[in-house]
Amino acid sequence: VQLQASGGGLVQTGGSLRLSCVASGRTLSSNAMGWFRRTPGKEREFVATISRSGSSTYYGDSVKGRFTISRDNAKNTVYLQMNSLKHEDTAVYYCALDQDAYSSSYGSKLPVSYDYWGQGTQVTVSS
């Protein structure tokens, strides 16, 4: 399984970006997907997760109301729409896939639940 994240870049405070994560090697329809981010000197932070059906989504407190996770199983792709970006959103963003059937039914916030990770895409928000 390979996950390819894209869509990062440089944006001004208040701007928007949409990240995409495309999977190859398997279909995503049976798996929960998550987005996490990391900045230098900090631990990996949970951003958002979506259940395999798409019916359940959860967000980190710092992004609630600004970010939206969605999926298109026909395209084997998960998205992260990021609006009202802040300087503190600057990070490398990673998508991840959860193989476990149970946790995929609701979407886990824990990095240890995820089995495959993309290479990351840099998001830089200028203040």
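## An open four-stranded sheet

Let's start with the sheet: four strands build an open, antiparallel arrangement in the order 1-3-8-7. The edges belong to strand 1 (2-6) and strand 7 (67-72); each has a single partner strand, so one side of each is left without a neighbour in the sheet. From one strand to the next, the twist averages 15 degrees. Please keep in mind that this is a predicted model.

Strands of a sheet pair through backbone hydrogen bonds, and they can do so in a parallel or an antiparallel way. Here, strand 3 (residues 17-24) and strand 8 (residues 77-82) run antiparallel to each other and are joined over six bridges. If you would like a landmark for this pairing, look for Leu17, whose bridge partner in strand 8 is Met82.

## Where strand 8 begins

Thr77 has its place in strand 8. Is Thr77 buried or exposed? With a relative accessible area of 6%, Thr77 is buried, because the value falls under 20%. A polar atom of the Thr77 side chain lies 2.8 Å from the backbone oxygen of Lys75. Leaving aside residues up to four places away in sequence, Thr77 touches Ser20, Cys21, Val22, Leu28, Arg71 and Asp72.

Now for Asn76, which sits in the loop between strand 7 and strand 8. Asn76 is buried as well, at 13% relative accessible area. Which backbone oxygen lies 2.8 Å from a polar atom of the Asn76 side chain? That oxygen belongs to Arg26. Arg26 is also among the residues that Asn76 touches, along with Cys21, Val22, Ala23, Thr27 and Leu28, again without counting residues up to four places away in sequence. For Asn76 and Ala23, the C-alpha atoms are 5.8 Å apart in space, while the two residues are 53 apart in sequence.

Cys21, Val22 and Leu28 are worth finding in the viewer: they appear among the contacts of Thr77 and also among those of Asn76.

## Aromatic pairs around Phe36

The model holds five aromatic pairs. A pair of rings is described by the distance of the centres and the angle of the planes. Phe36 and Tyr114 are one such pair, with 5.3 Å from centre to centre and 75 degrees between the planes, an edge-to-face arrangement. Phe36 belongs to strand 4 (residues 32-38) and Tyr114 to the loop between helix 1 (101-104) and strand 10 (116-117), so their pairing ties together parts that are 78 residues apart in sequence. Both partners are tucked away from solvent in the computed sense: Phe36 is buried at 0% relative accessibility, and Tyr114 is buried at 4%.

Phe36 also pairs with Trp117. Their ring centres are 5.1 Å apart and the planes meet at 50 degrees, so this pair is tilted. With Phe36 in strand 4 and Trp117 in strand 10, the pair ties together parts that are 81 residues apart in sequence.

## The cluster and its arginine

Which residues do ring pairs link into a cluster? The members are Phe36, Phe46, Tyr114 and Trp117. While Phe36 is buried, Trp117 is partly exposed, with a relative accessible area of 28%. Trp117 has a charged companion too: Arg44 lies over the face of the Trp117 ring, at 4.4 Å from the ring centre.

Key:
Residues numbered from 1 in each chain as written. Predicted model: local features only at pLDDT ≥ 70, side-chain atom pairs only at ≥ 80, totals over all residues. Heavy atoms only, no water. Pairing = 2+ DSSP bridges. Helix = DSSP H or I, 4+ residues; strand = E, 2+ residues; numbered from the N terminus. Axes fitted to C-alpha atoms, helices over the stretch in contact; angles between N-to-C directions. Phe/Tyr/Trp six-rings, centres within 6.5 Å; stacked < 30°, edge-to-face > 60°. Buried < 20%, exposed > 50% of the residue type's maximum accessible area, 1.4 Å probe, protein only. Lys NZ or Arg CZ within 6 Å of the ring centre and 35° of its normal. Polar contact = N/O pair within 3.5 Å; in protein donor to acceptor, adjacent residues only side chain to side chain. Contact = heavy atoms within 4.5 Å.
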